[in-house]
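Subject: Structure for your review

Hello,

Here is the structure I said I would pass on. My notes on it follow below.

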Amino acid sequence: MSEKKTVLFTGAGGFIAGHVIPMLMERGYFVRAFDNMTRGDRERMNEWAATGNLELVEKDVRYGGAVREAMRGCTHVVHFATVSINKSIADPHESIDINMTGNHNVFAAAADEGVQRLVFASTASVYGDPERLPMHEDDKLRPLTPYCITKRAGEDLLGFYERQKGLSWNALRFFNVYGPGQKSEAYYTSVINHFITRLRNGQPPIIDGKGEQSMDFVHVHDLARSVVAALESERSNLPINIGTGIDTSIATLAKILIDAVGVQVEPQFNERDVLVSRRAADITRAKEVLGWEPTIPVEQGMHDLVKLHMSQAAG
Ligand SMILES: NC(=O)c1ccc[n+]([C@@H]2O[C@H](COP(=O)([O-])OP(=O)(O)OC[C@H]3O[C@@H](n4cnc5c(N)ncnc54)[C@H](O)[C@@H]3O)[C@@H](O)[C@H]2O)c1
């Protein structure tokens, strides 16, 4: 009989984890949820703990001893605990501390424990401002903020433990994740909540410049599937883009949301020079290595999100 798969999941109380963990429990994993609960959803953790398929270890990834102890007996690791990009600009010290030390504690303990696979949440922001679209994993990396720098360093550190101790890993470069449960202050995707709130008050979305700047919006449900695939794939030790390959401009997003909310308004353009940045992932590697493809078109995902906002407001 095969041993019970146990996954150490750092940042388990967060937005994306909330979509990955049910899939893991469904697949028979026991989840050791490691989170200091600074941003975690305690009610959700308690609910899952009550099923007997999850235990909460309320500790901090900066403490190597705590990570080591929690790693004992784990067969898999998902490492998500981070402070976000906005906090990293305001407080580089905290960001370096949590992200760099935290990454190292988790990777070193996983390598020593001999886990079967570790999945690391990296980010599209490791590319900085891309020179071309779609962005490919082998393109030059120019991370611009402490957060992005620690994500890139995390990928390099995984390479070190692979060479030193045979650690098997995948680093997923998430593009612009959106969907139910997202916190409203999310750095890139906060524009979605902001537009929805204005539209529901009958106000037009306000767009800086011509709204040409774009993002590659990937639905959190699709993204969660990629994490499970990366934990179980035959191939490993790669950075892998997780997006849709489609760049949606802010002007297009505004139209999609106006349609979804069903109000008769036109977006307002705030005439000023803006730095136009664009994003779209080359997802060839995700398809080849993980057998993963996104399934939720951005129009559908945004419509569903608006419906959810409406029903929550009504309830
Ligand atoms: N949301 C996105 O659009 C996006 C894009 C690219 C990459 N990512 C990455 O995906 C991962 C998950 O993102 P998310 O949006 O779900 O984040 P989130 O902020 O919702 O969740 C992070 C969790 O980590 C926990 N945490 C923070 N500091 C900790 C510490 N020192 N010790 C233990 N736990 C700690 C928090 O309490 C929280 O529950 C992160 O690594 C993030 O960098 C997210």
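To start with one detail: which residue in β6 does A121 stand opposite? The partner is L172. Please keep in mind throughout that this is a predicted model.

The sheet

A121 and L172 belong to a pairing in which β5 (residues 117–123) and β6 (residues 169–174) run parallel and are joined by six bridges. The sheet as a whole is open and has seven strands, paired in parallel, in the order β3-β2-β1-β4-β5-β6-β11. At its edges stand β3 (54–57) and β11 (238–242); each has a single partner strand, so one side of each is left without a neighbour in the sheet. From one strand to the next the twist averages 20°.

Two helices that pack on the sheet are worth noting. Helix α1 (residues 17–26) touches β1 (6–10), β2 (30–34) and β3, and its direction makes about 175° with that of β1. Helix α6 touches β5, β6 and β11, with its direction at about 155° to that of β5.

Helix pairs

Two packed helices are described by the angle between their axes and the distance between the axes. Three pairs are listed here in those terms.

α5 with α6: the axes of α5 (residues 92–113) and α6 (residues 146–165) come within 10 Å and cross at roughly 20°. Angles under 35 degrees count as roughly parallel, which means that α5 is roughly parallel to α6. The crossing of α5 past α6 is right-handed. On the α5 side the contact includes P92, I96, M100, F107 and D112, and on the α6 side it includes P146, Y147, L157, Y161 and K165. By type, the residues of this contact are twelve nonpolar, six polar and two charged.

α1 with α2: here the axes of α1 and α2 (residues 42–49) come within 12 Å, crossing at roughly 5°. These two helices are therefore also roughly parallel to each other. G18, I21, P22 and M25 of α1 meet R44, M45 and W48 of α2. Five of the contact residues are nonpolar, one is polar and one is charged.

α1 with α8: α1 and α8 (residues 220–232) pack at an angle of about 50°, and their axes are 8 Å apart. That angle makes α1 oblique to α8. α1 passes α8 in a right-handed crossing. The contact is formed by H19, V20, M23 and L24 of α1 together with V220, H221, A224, R225, V227, V228 and L231 of α8. These residues divide into eight nonpolar, two polar and one charged.

Backbone details

Two loop positions may interest you. L133 and P134 are joined by a cis peptide bond, with omega about -10°; P134 is in the loop between β5 and α6. M37, in the loop between β2 and α2, has a positive phi of about 65° although it is not a glycine.

The record

An unreviewed UniProt entry places a "transmembrane region" at residues 6–25. In the model, the end C-alpha atoms of residues 6–25 lie 10 Å apart, and the span is 45% helix and 25% strand. I leave the comparison of record and model to you.

Regards

Technical notes. Residues numbered from 1 in each chain as written. Predicted model: local features only at pLDDT ≥ 70, side-chain atom pairs only at ≥ 80, totals over all residues. Heavy atoms only, no water. UniProt positions renumbered as here; feature names shortened; annotations may be inferred. Helix = DSSP H or I, 4+ residues; strand = E, 2+ residues; numbered from the N terminus. Axes fitted to C-alpha atoms, helices over the stretch in contact; angles between N-to-C directions. Parallel < 35°, antiparallel > 145°, perpendicular 65-115°, else oblique. Left-handed = near helix turned anticlockwise from the far one by under 90°. Contact = heavy atoms within 4.5 Å. Nonpolar A, V, L, I, M, F, W, Y, C, P; charged D, E, K, R; others polar. Pairing = 2+ DSSP bridges.
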